[in-house]
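Please open the structure in your viewer and display the side chains. The tour below proposes one selection after another and states what is found at each.

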Amino acid sequence: PVYFAFCHPYSFEETVRKVDMLERIHGSPKTDEESSTLSDEPKTGPRPDTIYFHRETLTRSLDGRRIELLTISDMYGISQDKEPGIE
């Protein structure tokens, strides 16, 4: 069998906007009042305080764009131990 996949182009700017939105929702603990004021917050799905979201810039491309590492996970069983950052 032959399989084909198709995906619409997704620009760098669209990607940055989407990650920025995810960071606003999941990036830091929010009060109930703050969470309810986020217009892009999904109305269904996991609560923002149950998602671990961490974003860090690893380096920059030749064009100066950020090359980022995103960690998105469940908060269940999360350890408070931190590993050293990438230098």
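Which two side chains meet in a salt bridge at 2.9 Å, N to O? Select Glu68 and Arg55: their side chains form this salt bridge, a term for a side-chain nitrogen of Lys or Arg within 4 Å of a carboxyl oxygen of Asp or Glu. Glu68 lies in strand S2 and Arg55 in strand S1, so the pair ties together parts that are 13 residues apart in sequence. (Helices, H or I with at least four residues, and strands, E with at least two, are DSSP runs numbered from the N terminus.)

Before continuing, note that this is a predicted model, in which local features need pLDDT of at least 70 and side-chain atom pairs count only at pLDDT 80 or more, while totals for chains, interfaces and linings use all residues. Residues are numbered from 1 along each chain as its sequence is written, and side-chain values use heavy atoms, with hydrogens and water left out.

**The strands.** Select residues 51-60 (S1) and 66-74 (S2), which run antiparallel and are joined by nine bridges; strands pair if DSSP finds at least two bridges between them. Thr59 stands opposite Ile67 in S2. Five residues separate the two strands of this hairpin, and Gly64 in the turn has a positive phi of about 90°.

**The helix.** Next, select residues 12-26, helix H1. Its end C-alpha atoms are 21 Å apart, which agrees with the span expected for 15 residues at 1.5 Å a residue; the expected span is 1.5 Å times one less than the number of residues. Val16, Val19, Met21, Ile25 and His26 are buried in H1, where buried means under 20% relative accessible area, exposed over 50%, and partly exposed in between (1.4 Å probe, protein chains only). The buried residues of H1 pack against S1 and S2.

**Further salt bridges.** Add Glu23, whose side chain meets that of Arg55 in a salt bridge (2.8 Å, N to O). Arg55 lies in S1 and Glu23 in H1, so this pair ties together parts 32 residues apart in sequence. Arg55 counts as buried because its relative accessibility is 13%. Asp20, Glu23, Arg55, Arg66 and Glu68 are linked in a network of salt bridges. Now select Glu13 and Arg65, whose closest N and O atoms are 3.7 Å apart in a salt bridge.

**Confidence.** Finally, colour by pLDDT, the predictor's confidence in each residue from 0 to 100. The mean is 77, and 75% of residues reach 70 or more. Over residues 30-39 the pLDDT is below 50. Where pLDDT is low, the predicted coordinates should not be read in detail.

Conventions:
Contact means heavy atoms within 4.5 Å.
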